[in-house]
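This report concerns the packing, the chain contact and the enclosed space of the structure shown below.

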Amino acid sequence: MDTFGWTVLWVVITFSLYIGIAIRSRAKNTSDYYVAGGGVPAVANGAAVAADWMSAASFISMAGLVAFMGYGGSVFLMGWTGGYVLLALLLAPYLRKFGKYTVPDFVGDRYSDTARVVAVVCAIFVSLTYVAGQMRGVGVVFSRFLEVSVNVGVFIGMAVVLFYAVLGGMKGITWTQVAQYSVLIVAYLIPAIAISTDLTGNPIPHLGFGEILTKLDLIQADLGFAEYTSEFATFDRKNLFLITATLMFGTAGLPHVIVRFYTTRTVKEARRSAFWALFFISILYTTAPAIGVFSKYNVIDTVEGASLAELEQIDWVKGWSDTGLLAFDDKNGDGIINYTPDEATNEMVTFDRDIMVLANPEVAGLPKIIVGLVAAGGLAAALSTASGLLLVISSSIAHDLVYKLARPDATEAQRLLWGRLAMGLGVMVAGWFGINPPGFVGEVVALAFGLAAASFFPILTFGIFWKRANAAGAVAGMAVGLTFAALYMINNIWGIWEKGWTLWGINKSGIGIVAAVLNGIVLVAVSLMTKPPSQELQDLVEDVRYPGEQSIGAKSGAIA
Amino acid sequence: MTPTDRSKYWRTNLRLMTVLLTIWAVVGLGMSTLFVDSLNNISLGGIPFGFWMGQQGSIFTFVALIAFYVWRMEKLDESYGIDEAAELDATRVAAGEAS
């Protein structure tokens with residue numbers, strides 16, 4: 001069977017699995033729909049968080065990103081994992097004890113309805129920017145491996161997500177994500193292990209990493225590139241720090257991750273899920289830099305100094321040249337390809353970072369069955385993240401806006417129906433973005449992290465750790481943090497007063513942490529200048545700090 | 001829990017958090033960003049140490065920090081006689097009898 005046949009087979013098998021799980025885990029009430037009935041075991045919840053978190057970008061692009069940015073790529077590796085320490089220690093146990101459905105729920109109950117509305121707007125904005133990229137990712141993987149158009153791929157993805165998310169809500173999504181994590185991690189590790197064995201004789205990529213790293217450093221220096229391990233080639237010291245911090249605090253402020261800690265049975269299980277989540281994520285994140293190094297080494301080793309005629313005979317070179325992600329131009333006409341940092345002499349003119357993971361198995365000459373599996377892994381990563389984000393969009397509309405603010409007298413059946421309708425709407429919007437992608441998805445993701453760090457993280461942590469924090473402080477803090485971060489980034493990207501303008505050379509991706517600090521300062525100042533929160537609110541804070549004791553939503557009535 | 005116990009429990013929790021978050025900041029934001037160039041002078045089996053921390057070591061540290069936190073907090077809960085699962089089961093039984 002050829003690659004196409006294997007890919008079809010893998011996709012059919014995995015998609016059937018997701019649909020089978022969806023049918024078995026239909027949601028019966030709003031608790032099932034928004035928080036999976038609050039009864040997901042810690043290990044399963046951790047795997048679901050991991051799949052939720054690792055998107056098409058993590059699976060397909062990250063190894064390549066790190067391979068091309070060298071040490072600068074570490075900001076993503078550290079930022080997107082370090083945030084879980086903040087989540088585990090500062091948010092997860094307390095939000096579980098609070099025990100409701102959404103992030104705006106906590107903001108609304110702890111502060112005020114005004115704060116809830118600001119939180120809803122942030123949650124929807126952050127989730128929409130993310131989901132746009134995911135649906136596109138589904139379409140791209142389909143088109144590359146299954147010879148359909150990107151749009152048909154997006155439609156197939158929409159149909160599958162629509163089926164399990166509308167039917168099962170959080171319950172269906174959680175259990176499909178457990179399956180999706182298994183698929184994506186197997187698809188990621190098999191090629192990594194095979195290549196590591198092939199190149200270094202050591203099957204563990206993390207150990208084979210060092211040997212190839214040294215070789216790559218030498219090769220890059222020979223060809224005139226910056227040494228692969230040189231520390232400030234991409235970002236300077238200050239920006240390495242600020243971007244890493246922004247990604248960490250942004251991660252801890254992303255609503256689709258935070259809501260996952262409502263779905264466990266107890267505070268203890270919530271803490272454990274945070275551990276399992278980072279454990280599962282770290283398997284992929286520590287393998288990615290190794291794949292980046294192996295793959296870059298392999299490609300340069302094959303291409304550099306080879307004759308163009310010979311290269312054109314290699315299967316994967318031919319295949320990836322057809323997609324436009326790899327292109328050669330024999331500029332000096334000597335029939336030999338040279339890879340250099342100089343635009344004028346470089347003859348590997350296109351070397352797309354996404355090739356690193358997707359072409360990896362072919363470059364290493366692995367069997368076709370594995371090439372197909374990698375495609376299924378990419379789809380699993382994109383679908384699982386899309387569905388988690390869609391749930392946040394759906395719950396923000398149906399639960400926070402319609403039920404909490406407009407129609408608090410609604411019946412259980414009505415609320416469940418609204419949730420499903422909002423989910424359907426969300427899938428349509430996501431699909432629309434997948435088919436008509438905004439040209440600036442990459443830029444907007446920096447925006448999403450910056451805004452999450454600037455808005456949610458400070459008000460959530462102060463809400464738990466400082467009883468004196470009040471509604472006026474929270475609203476003022478969020479307003480200042482959001483405005484500052486948004487103005488800085490929008491001006492930097494598109495120009496309001498001066499495109500590309502920076503304050504002390506701070507990269508737009510690193511401004512979120514500055515905005516978060518401003519948010520905190522304003523929150524403290526305004527809270528101290530205004531009246532302390534009511535005794536009732538201070539009791540709520542006291543209550544979330546301790547596990548057990550009339551807990552688990554008994555008071556709030558979240559879990560029926 | 002009595003009010004004294006509660007404040008003792010909370011203070012222990014805050015102390016543990018402070019220690020772990022300090023390690024987190026030193027490793028994740030210090031060693032791998034601010035001081036990475038100095039650490040790169042140290043070689044770890046051929047890999048510059050700062051580089052290795054940024055791409056591997058810091059992530060392992062984060063996992064270990066959460067693991068330690070989970071373990072300590074479970075011990076703390078136990079020493080204060082907190083058993084959420086038992087409490088939940090009891091509530092469920094009580095509710096079942098009432099209805």
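In this predicted model, A:Tyr285 is in contact with a set of residues beyond its neighbours within four places in sequence: A:Trp53, A:Met54, A:Ser58, A:Met62, A:Phe76, A:Leu77, A:Trp80, A:Thr81 and, from the other chain, B:Ile59. A:Tyr285 also belongs to the largest nonpolar core, which has 214 residues. A:Trp53, A:Phe59, A:Tyr84 and B:Trp24 join A:Tyr285 as the residues with the most contacts inside that core. Helix 8 of chain A, spanning residues 150-200, contributes the largest share of the core, 19 residues.

The contact between the two chains takes 57 residues from chain A and 48 residues from chain B. Of the area that chain A buries against chain B, 15% is supplied by A:Leu89, A:Arg271 and A:Tyr546, more than by any other three residues. Between them, chain A and chain B bury about 4700 Å², with 68% of this on carbon and sulfur atoms.

Two residues of chain A may be set side by side.

| Residue | Location | Relative accessibility |
|---|---|---|
| A:Asp32 | helix 2 of chain A (residues 30-35) | 10% |
| A:Gly79 | helix 5 of chain A | 0% |

A:Asp32 counts as buried because its relative accessibility is 10%, under the cut-off of 20%. Not counting residues up to four places away in sequence, A:Asp32 touches A:Arg26, A:Ala27, A:Gly37, A:Gly168, A:Met170 and A:Lys171. A:Gly79 is likewise buried, with a relative accessible area of 0%. With the same exclusion of residues up to four places away, A:Gly79 touches A:Ser74, A:Thr244, A:Leu247, A:Met248 and A:Thr251. The C-alpha atoms of A:Gly79 and A:Met248 are separated by 4.4 Å, although the two residues are 169 residues apart along the chain.

As to enclosed space, the count comes to four cavities of 30 Å³ or more. The largest cavity holds about 60 Å³ of space. Its lining consists of 13 residues, and A:Pro93, A:Tyr94, A:Arg271, A:Arg545 and A:Pro547 lie nearest the centre. A:Arg271 thus appears both in this lining and among the three leading contributors to the area that chain A buries against chain B.

Both chains take part in the lining of the largest cavity: helix 5 (74-98) and helix 12 (267-303) of chain A, and helix 1 (3-34) and helix 3 (49-79) of chain B, each supply at least two residues. Helix 5 of chain A gives the most, with three residues. By character, the lining divides into nine nonpolar, one polar and three charged residues.

Conventions
Residues are numbered from 1 along each chain as its sequence is written. Chains are lettered from A and ligands numbered from 1 in the order in which they are written. This is a predicted model: local features need pLDDT of at least 70, side-chain atom pairs count only at pLDDT 80 or more; totals for chains, interfaces and linings use all residues. Side-chain values use heavy atoms; hydrogens and water are left out. A nonpolar core is a set of buried Ala, Val, Leu, Ile, Met, Phe, Trp, Tyr and Cys residues joined through side-chain atoms within 4.5 Å. Buried means under 20% relative accessible area, exposed over 50%, partly exposed in between (1.4 Å probe, protein chains only). Helices (H or I, at least four residues) and strands (E, at least two) are DSSP runs, numbered from the N terminus. Contact means heavy atoms within 4.5 Å. On a 1 Å grid over the protein atoms alone, a cavity is a set of points where a 1.4 Å probe fits but cannot get out, and a pocket is an open set with protein on both sides within 12 Å along at least five of seven lines; lining residues have an atom within 4 Å of a point. Grid points are joined across faces, edges and corners, and a volume is the space filled by probe spheres set on the points. Ala, Val, Leu, Ile, Met, Phe, Trp, Tyr, Cys and Pro count as nonpolar, Asp, Glu, Lys and Arg as charged, and the others, Gly among them, as polar. Buried area is the accessible area (1.4 Å probe) that two parts lose on being put together, summed over both.
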